[in-house]
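Hi everyone, and thanks for coming. I'd like to walk you through a structure that may be new to you, so please have a look at it first.

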Amino acid sequence: MPSRQEMRQLQHAAGLGDAGSQRTLALCFLEGDGVELDFHEAVRLLSLAAGQGDALAEATLGRCHRDGEGVEQEDWFKAVYWFRRAAAQGDAGAIHDLALCFLTGSGIARNETEAVRLFHLAAEQGHVNAQNSLGICYSEGDGCEQDYRKAAHWWQLAAEQGLVVAQSSLARCYLTGEGVLYDLDKATHWSRLAAEQGAAIAQVRECLSL
């Protein structure tokens, strides 16, 4: 949480038009960090920063429009607009969010192949949710040929970053032998890691009971 002095300095810089300060202050309002929650003020500041081409502000503004926070109503078309702008600058989070829009046809024509392409771009930057999403796409054959080996590969990378759902999915791969060699020890290992974070408890018990 920023100190009062830091907050005053941040507000001063934002008032002078510094995009980074506007975006940082907006995030404080979104999270109630050092200030009271104020989604409308956050959107105002994000709009100022995004108007100057700040990629993180563009991506965050897109999420506000997607989720209906600080705006009159959800607007997927505006969300896609801002995701595109941020993605064009290489923002991994925006690339992932744009991929989800293509995958579901939200605010844009559905295109699963393009979704997978974008997931790859974000996943290769280490974006954990994109890695998990790629695992799902390869597992189900959405926008690509079904490939359990590739699914397990991307879930492995996401699991190593601590994503619970990926750990659970990877545990299932080792338990069933899909995309990897059957390995009960590894299945139990990944299930336990997920369970430590409150997930996949049933799967842990299944592994341990075999």
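Let me start with a question: why are glutamate 114 and arginine 117 separated by about one helical turn? They sit 3 residues apart in helix H7, which covers residues 112-123, and that spacing is why about one helical turn lies between them. One thing to keep in mind throughout is that this is a predicted model.

Now, what do those two residues do with each other? Glutamate 114 and arginine 117 form a salt bridge, and their closest N and O atoms are 2.7 Å apart. Arginine 117 is partly exposed, at 43% relative accessibility. As a bit of background, side chains of opposite charge can pair when their charged atoms come close.

How many salt bridges does a search of the whole structure find? The count is 8. Let me show you two more of them, which share a partner, arginine 66. On one side, the side chain of arginine 66 meets that of aspartate 67 in a salt bridge, at 2.9 Å from N to O. Aspartate 67 is partly exposed, and its relative accessible area is 36%.

On the other side, arginine 66 forms a salt bridge with aspartate 97, and here the closest N and O atoms are 3.7 Å apart. This pair links distant parts of the chain: arginine 66 belongs to helix H4, residues 55-67, while aspartate 97 belongs to helix H6, residues 92-104, with the two positions 31 residues apart in the numbering. Is aspartate 97 buried or exposed? Aspartate 97 is buried, with a relative accessible area of 8%; the cut-off for buried is under 20%.

Let me go back to glutamate 114 and arginine 117 for a moment, whose closest N and O atoms are 2.7 Å apart in their salt bridge. Elsewhere, salt bridges that share partners join Arg63, Arg66, Asp67 and Asp97 into one network.

Next, let's turn to how helices pack. Please find helix H9, residues 148-160, and helix H10, residues 164-176. Their axes are 8 Å apart, and the helices pack at an angle of about 135 degrees. H9 and H10 are therefore oblique to each other. The crossing of H9 past H10 is left-handed. Which residues make the contact? From H9 we have Ala152, Trp155, Gln156, Ala158 and Ala159, and from H10 we have Ala166, Gln167, Ser169, Leu170, Arg172, Cys173 and Tyr174. Sorted by class, that contact holds 8 nonpolar, 3 polar and 1 charged residues.

Here is a second pair of helices. H6 packs with helix H8, residues 128-140, at an angle of about 30 degrees, and their axes are 10 Å apart. H6 and H8 are therefore roughly parallel to each other, as angles under 35 degrees count that way. H6 and H8 also have a left-handed crossing. On the H6 side you can pick out His96, Leu100 and Leu103, which meet Asn129, Ala130, Ser133 and Cys137 in H8. By class, this contact of H6 with H8 has 4 nonpolar, 3 polar and no charged residues.

While we are at H8, have a look at glutamine 131, which has its place in that helix. At 4% relative accessibility, glutamine 131 counts as buried. Which residues is glutamine 131 in contact with, leaving aside its neighbours within four places in sequence? They are Ala123, Gly126, Trp154, Leu157, Ala158 and Gln161. One of these, Ala158, also takes part in the contact between H9 and H10.

Let me finish with three stops in the earlier helices and a loop. Arginine 8 is in helix H1, residues 4-15, and is exposed at 54% relative accessibility. The C-alpha atoms of arginine 8 and threonine 176 are separated by 56 Å, with the two residues 168 apart along the chain.

Glycine 34 lies in the loop between helix H2 and helix H3, and is partly exposed at 37% relative accessibility. Its C-alpha atom is 5.6 Å from that of methionine 1, although 33 residues separate them along the chain. Beyond its neighbours within four places in sequence, glycine 34 is in contact with Met1 and Met7.

The last stop is leucine 48 in helix H3, partly exposed at 39% relative accessibility. Leucine 48 and aspartate 18 are 30 residues apart in sequence and 9.2 Å apart in space, C-alpha to C-alpha. Thanks for listening!

Note on methods:
Residues are numbered from 1 along each chain as its sequence is written. This is a predicted model: local features need pLDDT of at least 70, side-chain atom pairs count only at pLDDT 80 or more; totals for chains, interfaces and linings use all residues. Side-chain values use heavy atoms; hydrogens and water are left out. A salt bridge is a side-chain nitrogen of Lys or Arg within 4 Å of a carboxyl oxygen of Asp or Glu. Buried means under 20% relative accessible area, exposed over 50%, partly exposed in between (1.4 Å probe, protein chains only). Helices (H or I, at least four residues) and strands (E, at least two) are DSSP runs, numbered from the N terminus. Axes are lines fitted to C-alpha atoms, for helices over the stretch in contact, and angles run from 0 to 180 degrees between N-to-C directions. Angles under 35 degrees count as roughly parallel, over 145 as roughly antiparallel, 65 to 115 as roughly perpendicular and the rest as oblique. A crossing is left-handed if the near helix is turned anticlockwise from the far one by less than a right angle, and right-handed if clockwise. Contact means heavy atoms within 4.5 Å. Ala, Val, Leu, Ile, Met, Phe, Trp, Tyr, Cys and Pro count as nonpolar, Asp, Glu, Lys and Arg as charged, and the others, Gly among them, as polar.
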